[in-house]
Amino acid sequence: MSTALEIKPRPSLPPTSLNLMPFHIGYDGPAPFSTYFHVAPAPAKVGADGQPEHPPRERVSSSFRGRGLEGVRVNLPEGYGGIVLQSDSTATVKDLEQSDARDDEKRGGRGKAELLPAAAAPAAKPLVPTGQFDSFILWGADHPVDDVMNDYARGLHEWTQLAAELHKPLLI
């Protein structure tokens with residue numbers, strides 16, 4: 001199922017604090033997050049040689065439903081910024097699954113991809129920017145996060161490096 005996105009501009013956005021958790025919660029809505037989720041500074045990571053990591057990173061710890069969490073702040077690469085987008089849509093996961101099933105039927109089942117006429121294309125889904133960020137906390141369960149090996153942190157840096165290479169001017 002393809003979706004067209006329409007991002008509505010907003011002049012100034014408040015700074016937002018983001019947390020990338022190592023689990024999924026089957027709920028998407030308001031919650032008294034700061035009432036129950038208390039974050040504390042964690043000791044610096046020490047290497048095999050007994051020396052603290054270099055450069056030093058902001059490390060934090062907390063717990064969720066009795067399980068220990070260790071986090072590290074990941075800064076976005078120089079020249080990049082992030083925005084938080086919120087959908088205006090009230091579609092539920094069940095609605096989306098039913099829509100996927102109908103799309104599969106229109107294409108004649110899985111594995112038979114056909115282009116649908118332009119009239120059948122979905123309308124744009126409006127997204128509204130609600131905040132901006134330049135870093136986020138990457139959490140790991142029960143142990144300190146290794147942001148060099150973590151798929152999210154590594155992917156962030158690999159993709160921005162690839163984008164830089166793609167946008168370099170060609171010297172002919």
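Where is the place of Asp-142? Asp-142 sits in the loop between E8 and H3. This spot makes a good starting point for a short tour of the structure, which is a predicted model.

**The loop residue Asp-142**

Phi of Asp-142 is near 70 degrees, a positive value in a residue other than glycine. Asp-142 is also exposed, because its relative accessible area of 51% is over 50%. A second residue shares this kind of backbone angle: Arg-65, which is not a glycine either, has a positive phi of about 50 degrees. Arg-65 belongs to the loop between strand E4 (59-64) and strand E5 (67-75).

**Helix H3**

Let us move on to helix H3, which covers residues 151-166. At 1.5 Å a residue, its 16 residues should span 22 Å, and the end C-alpha atoms are indeed 22 Å apart, so the two values agree. Seen down the axis of H3, the buried residues fall within an arc of 165 degrees, and therefore they line one face of the helix. Those buried residues are Ala-153, Gly-155 and Thr-160. A general point helps here: an α-helix has 3.6 residues a turn, so residues three or four places apart point the same way.

What do the buried residues of H3 pack against? Their partner is strand E8 (135-141). On the other side of H3, Asp-151, Gln-161 and Leu-166 are exposed. Gln-161 and Pro-77 are 84 residues apart in sequence, yet their C-alpha atoms are 9.3 Å apart in space. At the start of the helix, a side-chain oxygen of Asn-150 comes to within 2.8 Å of the backbone nitrogen of Tyr-152.

**Strand E8 and Ser-135**

Ser-135 is found in strand E8. Is Ser-135 buried or exposed? Ser-135 is buried, because its relative accessible area of 9% is under 20%. Leaving aside residues up to four places away in sequence, Ser-135 touches Arg-73, Val-74, Asn-75 and Leu-76. With one of these, Arg-73, the contact is polar: the two side chains are joined at 2.9 Å.

**Four residues side by side**

Here are the accessibility values for residues met along the way.

| Residue | Relative accessible area | State |
|---|---|---|
| Ser-135 | 9% | buried |
| Asp-142 | 51% | exposed |
| Gln-161 | 53% | exposed |
| Arg-65 | 75% | exposed |

To return to the opening question, the loop holding Asp-142 lies between E8 and H3, and the buried residues of H3 pack against that strand, E8.

Terms used: Residues numbered from 1 in each chain as written. Predicted model: local features only at pLDDT ≥ 70, side-chain atom pairs only at ≥ 80, totals over all residues. Heavy atoms only, no water. Helix = DSSP H or I, 4+ residues; strand = E, 2+ residues; numbered from the N terminus. Buried < 20%, exposed > 50% of the residue type's maximum accessible area, 1.4 Å probe, protein only. Expected span 1.5 Å × (residues − 1). Arc of directions from axis to C-beta. Contact = heavy atoms within 4.5 Å. Polar contact = N/O pair within 3.5 Å; in protein donor to acceptor, adjacent residues only side chain to side chain.
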